[in-house]
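Me: Here is a structure to go through. I will ask why each label is used, and I want the cut-off behind every answer.

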Number of protein chains: 2
Amino acid sequence: MSDVPTITTIAQRAGVSIASVSRVLNGLPTRAETESRVMSAARELGYVPNSAARSLKSRRSNQVGFAIADIGNPVYLAMIREIQPLLKAAGYRLVLHSTNVDAADEIDVLRGLGERYVDGLIMIPLRVTGEHLKMFAAARAPIVIIGSVPEGTPVDNVRTDSRKGVRLAVEHLHQLGRRRIGFVNGPLDTVPGAARSAAYAEALAGLGLPYDPDLVEVGDFYRPEGARAAARLIGRVPDLDALLCANDLIALGALDVLRRERRRVPEEVAVASMDDTDLATVAWPPLTSVSLGSAERGRAAAELLLDRLAHGDRAPRVVTVEPRLVIRASTVGEEGP
Amino acid sequence: MSDVPTITTIAQRAGVSIASVSRVLNGLPTRAETESRVMSAARELGYVPNSAARSLKSRRSNQVGFAIADIGNPVYLAMIREIQPLLKAAGYRLVLHSTNVDAADEIDVLRGLGERYVDGLIMIPLRVTGEHLKMFAAARAPIVIIGSVPEGTPVDNVRTDSRKGVRLAVEHLHQLGRRRIGFVNGPLDTVPGAARSAAYAEALAGLGLPYDPDLVEVGDFYRPEGARAAARLIGRVPDLDALLCANDLIALGALDVLRRERRRVPEEVAVASMDDTDLATVAWPPLTSVSLGSAERGRAAAELLLDRLAHGDRAPRVVTVEPRLVIRASTVGEEGP
DNA sequence: TTGTATGCGTTATCAT
DNA sequence: ATGATAACGCATACAA
């Protein structure tokens with residue numbers, strides 16, 4: 001196999017200067033004769049421009065980063081499905097970062113921005129530390145954060161009203177006559193964990209229901225630990241009649257436990273969760289879940305970033321996606337497991 | 001915000017030449033005094049090396065591409081989860097390509113290899129056309145294909161014995177006493193579709209069962225069409241007692257239909273599928289599914305690519321992952337929907 | 001040990 | 001319209 005062709009190779013073959021080659025390749029005005037010679041030489045050699053050289057010269061990488069804690073979570077999946085085509089259509093490649101639920105990893109990604117291998121970054125931080133804020137401010141490329149950031153942070157921001165989301169679910173359960181509504185949450189030192197914790201208490205208060213610490217259990221955001229946490233809660237509260245889970249994966253774990261314990265869902269225990277991923281429609285019974293608009297958030301993030309990449313500086317923007325309760329059989333079904 | 005620092009900036013600040021800066025930054029022997037001056041200058045300026053310049057010089061991008069038809073399919077997910085950490089540990093970033101179930105898109109990705117924005121590529125082609133083979137041969141970067149390719153194709157290759165996988169499932173259903181085993185497949189002009197089609201016929205023959213075209217229905221690899229195809233099949237074959245689905249998503253659609261039609265699973269119709277994704281354990285009843293070792297295939301692909309990137313040329317290698325039947329309640333459970 | 005100078009492949013400026 | 005040349009940021013061969 002011959003050497004990789006460059007514009008120099010083409011120039012020799014076509015008997016013109018590299019400047020002419022570059023011009024032809026970039027569609028700048030050129031004499032027809034020159035153009036055809038260059039084009040055919042390029043075709044014959046199978047020329048493809050070198051992206052590193054291009055990036056060095058143009059100071060643009062045509063790449064966008066997407067940093068998430070864990071690709072296993074279907075919420076992120078829904079986002080990627082929206083983001084990828086938008087980026088591709090705009091001529092950007094997608095560099096995927098999985099940060100292993102590790103704040104230090106997130107910082108590394110932010111620091112990496114300095115290498116300029118991406119023109120912008122979409123990130124979903126699990127926690128927003130002071131270190132994060134410092135990096136946001138110093139970042140040399142536009143950043144879009146999905147999730148809440150403090151007022152005034154110099155990044156575009158896509159958020160959802162998870163407080164309202166939790167309230168929708170709790171009110172729904174309350175309307176169904178449930179009064180002992182348990183809550184299985186993820187870690188309290190994460191952005192979603194903290195928000196949902198506060199929102200749960202708030203929602204109860206709004207309905208005049210007492211806050212009972214026994215009704216709350218904290219684990220992580222995954223199915224196995226969700227099952228364990230749900231088991232602890234169920235074991236502790238005999239008269240539990242509803243369970244709100246902080247995401248669908250936790251809810252799957254809870255359903256596992258309820259099935260094992262032969263508690264009928266929803267007759268004895270109604271189960272609601274959050275995120276409304278595909279899993280909600282696969283589970284049995286199908287899960288009532290609060291959609292936090294994952295797809296919309298992904299799309300909005302991509303659009304914000306592309307807009308900024310195309311039009312340069314402007315004031316940071318905040319897009320808020322409304323939560324929406326999707327009612328399924330795990331709260332109102334006539335069929336149980 | 002000040003300008004982005006380069007080694008030139010550092011050199012000025014430290015009062016040394018750019019060569020010394022480069023040497024220090026790359027850990028080459030330097031006088032302690034020089035080293036400390038360069039290091040502190042770099043730290044103060046917040047220097048981060050420019051990846052484009054590095055790539056141009058080193059002819060390496062430190063990126064690896066992963067091209068799949070559709071990120072929505074959980075099979076690919078399982079692979080990414082293995083691939084990403086391995087690449088990261090080896091110092092490579094992951095560039096994700098979603099090809100929209102479009103062969104032309106796949107060719108585009110292969111052509112893009114010439115831009116040298118990745119050092120290697122892992123691809124799961126849905127179809128392998130002559131155009132694909134031509135690009136494989138001409139590729140200027142190492143390629144690992146997950147899925148079968150013709151003998152002698154100059155790429156590393158990770159495959160699974162889907163013939164055997166189908167046979168495992170069919171034999172399992174046969175052992176359970178099922179004799180009217182339907183098959184819902186994806187498109188026949190895709191690699192997996194074609195292989196599974198042939199394997200189904202073969203497996204029946206091996207068991208002495210007749211091949212009945214009425215028992216076969218073709219759709220795509222997704223849940224909605226899987227449901228429609230299953231509905232056609234069920235409507236056409238009254239004495240159907242088992243259903244093999246070409247993947248888990250199709251099986252979910254089939255379960256939807258069977259539930260709607262009030263056919264008990266597995267008592268009346270046993271359901272088995274392929275891929276053994278997470279969905280198999282979420283579905284109700286949990287799906288008996290043939291694991292094609294998605295995680296192992298992803299890992300093997302990453303290892304093959306990293307090995308080649310590290311050690312250069314060697315003969316193409318083929319890794320085969322054994323299929324494994326995972327039996328769950330959709331074929332042997334006592335409980336149905 | 002350190003500095004000078006060159007090249008990686010491209011785009012863009014400036015003459016011609 | 002075209003060619004010579006500089007510059008992007010870095011690594012390195014060579015000279016000092």
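Reply: First, a definition: axes are lines fitted to C-alpha atoms, for helices over the stretch in contact, and angles run from 0 to 180 degrees between N-to-C directions. Helices are DSSP runs (H or I, at least four residues), strands likewise (E, at least two), numbered from the N terminus. This is a predicted model, in which local features need pLDDT of at least 70, side-chain atom pairs count only at pLDDT 80 or more, and totals for chains, interfaces and linings use all residues. Residues are numbered from 1 along each chain as its sequence is written, chains are lettered from A and ligands numbered from 1 in the order in which they are written, and side-chain values use heavy atoms, with hydrogens and water left out.

Me: Why are α8(A) and α9(A) called oblique to each other?

Reply: Helix α8 (residues 162-175) of chain A packs against helix α9 (residues 191-207) of chain A at about 45 degrees, and their axes are 8 Å apart. Angles under 35 degrees count as roughly parallel, over 145 as roughly antiparallel, 65 to 115 as roughly perpendicular, and the rest as oblique. The pair α8(A) and α9(A) is therefore oblique.

Me: What is the hand of the crossing of α8(A) and α9(A)?

Reply: Right-handed. A crossing is left-handed if the near helix is turned anticlockwise from the far one by less than a right angle, and right-handed if clockwise.

Me: Which residues make α8(A) and α9(A) meet?

Reply: Contact means heavy atoms within 4.5 Å. From α8(A), the residues include V166(A), V170(A) and H174(A); from α9(A), they include A199(A), A203(A) and L207(A). By class, this contact of α8(A) with α9(A) has nine nonpolar, two polar and five charged residues. Ala, Val, Leu, Ile, Met, Phe, Trp, Tyr, Cys and Pro count as nonpolar, Asp, Glu, Lys and Arg as charged, and the others, Gly among them, as polar.

Me: What makes α6(A) roughly parallel to α7(A)?

Reply: The axes of helix α6 (residues 103-112) of chain A and helix α7 (residues 130-138) of chain A cross at roughly 10 degrees and come within 10 Å. That angle makes α6(A) roughly parallel to α7(A). Among the residues that meet are I107(A) and L110(A) of α6(A), and M135(A) and F136(A) of α7(A). The contact of α6(A) with α7(A) divides into five nonpolar, one polar and three charged residues.

Me: How do α5(A) and α13(A) pack?

Reply: Helix α5 (residues 74-89) and helix α13 (residues 294-311), both of chain A, pack at about 35 degrees, with axes 8 Å apart. Their crossing is right-handed. Among the residues in contact are M79(A) and I83(A) of α5(A), and A302(A) and L306(A) of α13(A).

Me: What makes a residue count as near DNA strand D?

Reply: One of its heavy atoms must lie within 4 Å. For DNA strand D, 24 residues surround it, and the closest are S20(A), T30(A), T34(A), I7(B) and Y47(B). Of the strand D atoms within 4 Å of the protein, 62% belong to sugar or phosphate and the rest to bases. α2(A) gives the most to this surface, with four residues.

Me: How do you know that R54(B) has a polar contact with DNA strand D?

Reply: A polar contact is a pair of N or O atoms within 3.5 Å; within protein, one must be able to donate a hydrogen and the other to accept it, and residues adjacent in sequence count only if both atoms are side-chain atoms. A polar side-chain atom of R54(B) lies 3.0 Å from a phosphate oxygen of strand D. K57(A) has a polar side-chain atom 3.1 Å from a base nitrogen of strand D.

Me: Which partners do Y47(A) and R23(B) find on DNA strand C?

Reply: Y47(A) places a polar side-chain atom 2.5 Å from a phosphate oxygen of strand C. For R23(B), a side-chain N or O atom is 2.8 Å from a base nitrogen of strand C. In all, 24 residues surround strand C. Of its atoms within 4 Å of the protein, 61% belong to sugar or phosphate.

Me: What is notable about the backbone at P266(A) and R59(A)?

Reply: Most residues other than glycine have a negative phi, and most peptide bonds are trans. A cis peptide bond joins V265(A) and P266(A), with omega about 10 degrees. P266(A) is in the loop between α11 (248-260) and β9 (270-274) of chain A. R59(A) is not glycine, but its phi is positive, near 60 degrees.
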